[in-house]
Amino acid sequence: MGILLAISGWIILNFYTALLLILVLIFQGKTINTKSAEHFVQLVVMTFILVAAETVGHIGELYPENYSIGMKIGYYIIYALDPADYLFTILYINCWLDETKAKFQKEVTLVYRIFMGLNFVLVTISVLFNLDWFYYFDGMNYVRGPYFLVRGAFVLLLCVLVSVYVLINYNAIYTGYVKPILAFPLIAMFGAFLQIFFTDMNMTYASITIGILIVFFYLQTKNLDIDYLTGALNRRGIDIVMENRIKNSLSTGHQFSAIMMDLDRFKEINDTYGHNEGDYALKIVSAILYKVFSDDAAIGRFGGDEFCVISNISSQDELEERIELIDDEMELWNYKSEKPYKLEISMGSMIYNPANSMSVKQFQIAIDELMYIQKRQHHLADNRR
């Protein structure tokens, strides 16, 4: 009876852990458009899946005659997928590092990707061919396999490596974000240690969830770089990215590109159809930009009805192709939309050449001038209609 109560206690712990994760996802809301929010949501969702799998596994242990299949599925998901939590943690931490100062980003990320894939393959082979490498069931009892501690040691090593990675890149973490980012892997490591060396201490996902809550309250909800209407970066965020890209370009010689955009007749939309429609139009523009550009582009609302995209594109032809895609997506939206107004944007773009040594302000002014040239052309075309 005492054992049943202990196991039931862990199920209750998992229930509240899952509930906290669901609430975090709900409150995370519309800021999903940023790269940091995207990886944060991936981490939260994966942790929720693992908590659910662990709960199903425990229920199967409690009632093997009715839920033995749940026990087998639950433990398989845990063993096959739990390294993904650490990969998403690394990807999330990378979002808060200054790329010009960060060390070993690609190498560390590759290590986690390789381990996640290798672990999934080995666990799946062990289960499919009844090899019992990492765990097995003696009747209806869960038993750790001969290589459990070997795998556990690697998982714990990867958990420790997250903390080491943060410490190595301590000076590359953006100001004000150091403490929560450092606390996150330390708390997760403590939970992983308890779970591996003490069978009944199921604290891994609860510890990760505590770390997620710390990150959520100290980073996600207090991120001063986010425009909470569109979920894109705000003026401050895009300025920081621009400054970092220019510093990197001047030190390495690598070129990048930027596009400034202005939503035409935005005031007319606001005045005629109301501010709700104006907000909706801005969200549509933001969604189109995220659809056109890949993850390595920084997309921001520069202010009012202006947007800015900073990308790694260094070819003029590729840049023009991407601009054409924006126009195509805008036309497609206008064609499908039942709104009484059409969306059109004026754009100016330029590839940053480090040989010219332009400052952030000079580069932005140059692109602005190109954008307003097109905007004047659009106004002239409107007056002729």
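In the predicted model, a nonpolar patch of about 890 Å² lies on the surface and is made by Ile12, Phe15, Tyr16, Leu19, Leu20, Ile22, Leu23, Ile26 and Phe27. One of these residues, Ile12, has its place in helix α1, which covers residues 2-28.

The confidence of the prediction bears on how this region is read. Helix α1 has the lowest mean pLDDT among the elements of the protein, at 75, whereas helix α5 (residues 105-128) has the highest, at 95. Over residues 1-7 the pLDDT falls below 50, and this stretch has three contacts in the model beyond near neighbours in sequence. Where pLDDT is low, the predicted coordinates should not be read in detail. For the protein as a whole, the average pLDDT is 85, and 89% of the residues score at least 70.

The secondary structure of the protein consists of 13 helices and six strands. Of its 385 residues, 49% count as buried, while the protein exposes about 19500 Å², of which carbon and sulfur atoms supply 62%. Among the contacts with a separation of 6 or more, 71% are accounted for by residues 24 or more positions apart.

Helix α6, formed by residues 148-168, allows a check of its length: at 1.5 Å a residue, its 21 residues should span 30 Å, and because its end C-alpha atoms are 30 Å apart, the model agrees with this expectation. Within α6, the buried residues include Phe148, Arg151 and Gly152, followed along the helix by Val155, Leu156, Leu158, Cys159, Val162, Ser163, Tyr165 and Val166.

Key:
Residues numbered from 1 in each chain as written. Predicted model: local features only at pLDDT ≥ 70, side-chain atom pairs only at ≥ 80, totals over all residues. Heavy atoms only, no water. Patch = residues over 30% accessible without salt bridge, like charges linked within 9 Å, V, L, I, M, F, W, Y side chains within 5 Å. Areas by Shrake-Rupley, 256 points an atom, 1.4 Å probe, with all protein chains shown as cover. Salt bridge = Lys/Arg side-chain N within 4 Å of Asp/Glu carboxyl O. Helix = DSSP H or I, 4+ residues; strand = E, 2+ residues; numbered from the N terminus. pLDDT = per-residue confidence, 0-100. Contact = heavy atoms within 4.5 Å. Buried < 20%, exposed > 50% of the residue type's maximum accessible area, 1.4 Å probe, protein only. Expected span 1.5 Å × (residues − 1).
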